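Morning, everyone. I have one model to walk through today. Please put it up on your screens.

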Amino acid sequence: MSMFSSKPFHQIEISFTNVENRQTINQTIGESKEITPLFIYSSGDNITGEVKIKIKNSKKLEYRNISIAFIGQIELTYDPGNPTIFITEKVLVAKGGILTGSNDYSFNFQRKRMRYESYKGTNVNLRYFVRVIIDRNISTTYSQDKDFWVMNVMKPPLENPPINIKVGLKSDLNIDITLEQSQFHLTDVIKGIVNYYIVKIQFKSMGLSIIKREITKSNSGMNQNIFTENETIAKFEIMDGAPVQGDKIPIRFFLRSLNLTPTFPQINNIFSVRYFLNLVLVDKKEKRYFRETELVLYRNTLPEKKTILIKKELSSDK
Amino acid sequence: MSKRFKQQVKQLRKTSQLVSTNEQSKISNQTKENVRKFGFLMRRALDQGKIPAALKNASQMLDGLRTSALSPKNYYDLYMQVSDELRYLEFFLQEDIKSGKSASKLYKEVQFIEAIVPRLYLMVTTGSVLIKSQEVETQDVLSDLIEMCKGVQHPTRGLFLRHYLSQMTKDKLPDKGSEYASSNDQELLSKSIDFTIKNFVEMNKLWVRIAHQKTPGNLTKKEKEIAQKNLDIERKELKILVGTNLVRLSQLEIVTLEVYTERVLPLLLQQINECGDPIAQEYLMEVIIQVFSDDYHISTLPSLLQTISKLADGVNIKQIMISLINRLIKYSESNVEDINDKEQIFTIFSKGIGLITKERKNLPVKDLLSILNSLIQLALQLNPKQIDYIDRVLRFCYNSASESGSLSRDIIKEINNLLTTPLTKYNNVNILLEFENYSPLIELLPYGDRRKIALKIIENVLQNSTYIRTSDKVKKLTEYVKILVQDETDMPSESEEDEYQKTLFLAEQDAVCRLVHLLKSKDHIESFKIVQVLAQKIGNGGERRIKHTVSPLVFSSLLLSFKIRDYIEDNEEEQYPLSPKKIFEFVYKIVTSLTPLFPLISLKLLLQCAQASDKCGFEAISYEFMTKSILAYEEHVVVSKVRFEMITLISSTLQTLRVFDEENYSTLANHAGGHSSKLMVVNDQARAVYMCSYLFWIEDDEEEDDSEEDEEADEDKEKIYFKDTKRLQGCISRAIRVAGSLMESASMFQLLFEILNVCLYFLRYDIEQINTDYINTLLELIHRKIEENNTDLSELVEPQMFNFYKSTIKHIKYCQSQDETEDLFKEINISISLKDLK
């Protein structure tokens, strides 16, 4: 909206229809801190809704075109003015006229293919929204967006081989970590076992951490900039004390306690989100030993109507 | 002093894995305060129905248990406080589940907690709720918990966590009739056993691990030792946590004898064997022995012993074996009938101990002996009649001890116990005498201990009045106690003995003397053999002992002679192969051979023998004994005081003898009288001489007048056996003369008074020489002697003597006043004497 324009005397309201059974997710949109519940759609859903344009005080609004667009776009937070729209569809609902009073329109985007999930990351957001555009001849274009959230249920992988990691340190350490599978759905449980074959180091503890790695590429300008964000989204102690040769320490970690997204291998050649499991051993002298392995996450169900975010409540402060 | 103490403290601090005591209590208080705070918040959240918040508070509270700074004791206090709070939580959650909430969900949600220690405590708590809700099969929850607990490998924290697991599940383990068992399926129930054993194994591993905690490398050797000691103390404080699992197992109904034998014990023993840690092995064996019932032990003895034989070097095998044996002893005390195969128990133990000695070459002999001592107690308890068992053990002890070279004080103590146990258990030395290996064991002991045990044996015989009735046994007994009967090569010389040892020696000899009287058979031939054996042993006893021990031997023999006499008389057995005569011949040899060394003892015994043979009617033998005694007097008695004693003894003995004809008697009496009048000391001479007067007026004994036959015989006999009144009067007159010549008036008067009494005695017999005149003369003599001294009698003699004389005169007066008295006394003139007595 132009800074020169006077205070708008119109109001655009966008609402979705057929959402009685649709679940919502609480999200913040853009820079706003306000949490808004967003309806969750999946690829192939019909996105239907109504648009109400109200003109106040018996004023008149002259326009060239009124159109409603369905848009999927990727925004880099360090380059906000330059989003990449990867999908769009625009429908013209009115052509050349003057609006007064209340005007109703509807939209119906049929079986939209939305292969990317919505995502709100550190440096990148992937948004879906419906945009109402009032195109005027000379004056500024009026527009209004309404976000919705996309989640796609994926088929379980055909093959899900276990992960086996061997850690050795000369003749002082030989351990073997086995996870029952390598791909996990978002409410899955990571199960596995750590076998201590040789331990000559006195350990103090062993823990897991889940690291989210978000890599973004900026295509603007001559140089391609790559940003990598590593975020530790969970820490989980799996062993206390010093194991000895022959000990088998179980791993059981509930992913549902975390806010996770599926692994996004490469989204529109702009960003990727991947998850890693980091096994950390700490010895008596506070020396740390790491071992990282990728976890491939996929979504097998949409979230239940009400998600208890128990993780926040339970995880101890220390 | 205080400087040294400070240094020690400093050293301890440096070596301890933990922080100092001060710091400890600070941390402990802080943590407890936190537990209180979050416990309070948790309760409040629960009361408000805010379960997630309550679980969060619980988790914060449990963070306190993540500390490494506390000693086991302080950690235990903290644990107790926390588990109180958790009990509240569990109770509340349980109520919540009843109102329809999902326990499984709860169980899952606590697993999101990041820190493992709080997470597992809450898993156990909610797991307990889950079991009670019966949403899931009990055993699935149990096996999940036991698996997940592996995450805590820190010894103290792990032990307490698993203890909590054990506490929380103890009433929920599927067992016979328990509500948490969906069926009574054996396979299912045995999961309870597996669970408990698994927990036990893991706890034990954690416990053992404390020992292997590395101490800091920069310590000196001494500091390292202290550090190791601290760890051991720490471990011992924690042992009960491990042991509780075994208690739990013993409480399970499903652990029947069969299950115990086939499943439980093998696993326990395997763990004990594998852990290889002395403290653990020792403690766990002890617990197994204490918590499981005795009949289980009896059925599994071979495997228990097998395991014991393989325990680590540092384990106190002795203690374990003794505990095991003592349990069986206790059990058999009350259930001896229930034990079927007593013999087998013993055999298994014998084999087991054999195995132990084979496997453990370094088992101290003292420990082995201590074990064997318990085994003996068991054998005595199981079947005291099986003497060969015990004898075999004694043999084994002998072999082990004799192979070990010089014996330590500990070993000696054990041998003493080994010898004392059967002694006091049987309280019958006869049984002891059946052992082949008792005496060799005694021989292993040093001199002092041999003495003690020998005395104990004899005292046992005496206290129980145990008669030893065969010569073979007596022979053996003298072997057992030979140290008291004869000299030993390792005996210290007499001059080295102190007062105590001298007294002890006398006490010992006294015991031996009393023992002699219990060594006799009912068969006199055997008894004779016994005294012969004794004579031989006592004869070798050396001068110091013989002088004590010969008397009971002689007396015992003399008693035997009476018995033989009576036996022959009663049974009219003329062909009896033994006669009293033989005994006298036997005794004669002993007593006469004694004369040169111990003339007085010999003399007295000769007199005893004379009396005995007199009773048996052997004149020649009695004569021989009497002459030998007079000869002993003549040749060996020189001290004048002793001469007086001996000659009066001879004469008074002679008075009692009745077997002699007149001539023999007269000869002996003359000798006695002659020796009396030859005494050097005047006093003694006078007294001995007047005493001889009795020799010449001997009445016959009147003892055998109760049977008619004897009465007939009596008629033939004279009332008087021997009389010679002239010599009688001679003795008295000589005594008066000698007494009258005494310079010292007190002695003189005493003698005269005594003689006056003798005269009064004979006055009754109406002997012509000793008549009233004679007595009046004597009274006058006394008066004259008083007058000669120009003073009162009371000044001349002691009050005692004065009274003696007074009583005598009173007696005369009394007799005079009696009507029935013949006129004998009437004519005695006591008027002067009465005056003297005023």
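I'll start with strands in chain A and then move to chain B.

One caution before that: this is a predicted model.

Chain A, then. Find strand S5, residues 61-76. Is it covered or not? Mostly covered: 14 of its 16 residues are buried.

Now look at what S5(A) pairs with. One partner is strand S6 of chain A, residues 79-99. The two run antiparallel, and 14 bridges join them. To get your bearings, find Ser67(A); opposite, in S6(A), stands Leu92(A). How many residues lie between S5(A) and S6(A) in their hairpin? Just 2.

S5(A) also pairs with strand S9 of chain A, residues 124-135. That pairing is antiparallel too, over 12 bridges. Use Ile71(A) as the marker here: its bridge partner in S9(A) is Phe129(A).

Next, a sheet in chain A. It is open, it has 3 strands, and the order is S1-S4-S7. The pairing is antiparallel. Which strands stand at the edges? S1(A), 10-16, and S7(A), 102-109. Each has a single partner strand, so one side of each is left without a neighbour in the sheet. From one strand to the next, the twist averages 15 degrees.

Take the S4(A) to S7(A) pairing in that sheet. S4(A) covers residues 47-55, and 8 bridges link it to S7(A) in the antiparallel sense. If you want a residue pair to click on, Ile53(A) has Asn103(A) as its bridge partner in S7(A).

Over to chain B. This one has 39 helices and 2 strands. What does its radius of gyration say about how spread out it is? The value is 46 Å, and the globule rule gives 28 Å for 838 residues. That is well over the rule, so chain B is more spread out than a compact globule. Along the principal axes, its C-alpha atoms fill a box of roughly 135 × 70 × 60 Å. Of the 838 residues, 53% count as buried.

Contacts next. Take those in chain B with a separation of 6 or more: 74% of them come from residues 24 or more positions apart.

Last stop, a helix pair. H14(B) is residues 317-335, and H15(B) is residues 342-359. They pack at about 175 degrees, axes 13 Å apart. Angles over 145 count as roughly antiparallel, so that is how H14(B) and H15(B) are set. Who makes the contact? From H14(B): Ile317(B), Met321(B), Leu324(B), Ile325(B) and Leu328(B). From H15(B): Phe349(B), Ile353(B) and Ile356(B). The tally for that contact is 8 nonpolar, no polar and no charged.

Technical notes: Residues numbered from 1 in each chain as written. Chains lettered and ligands numbered in written order. Predicted model: local features only at pLDDT ≥ 70, side-chain atom pairs only at ≥ 80, totals over all residues. Heavy atoms only, no water. Buried < 20%, exposed > 50% of the residue type's maximum accessible area, 1.4 Å probe, protein only. Helix = DSSP H or I, 4+ residues; strand = E, 2+ residues; numbered from the N terminus. Pairing = 2+ DSSP bridges. Axes fitted to C-alpha atoms, helices over the stretch in contact; angles between N-to-C directions. Parallel < 35°, antiparallel > 145°, perpendicular 65-115°, else oblique. Contact = heavy atoms within 4.5 Å. Nonpolar A, V, L, I, M, F, W, Y, C, P; charged D, E, K, R; others polar. Rg over C-alpha atoms; globule rule 2.2 N^0.38 Å.
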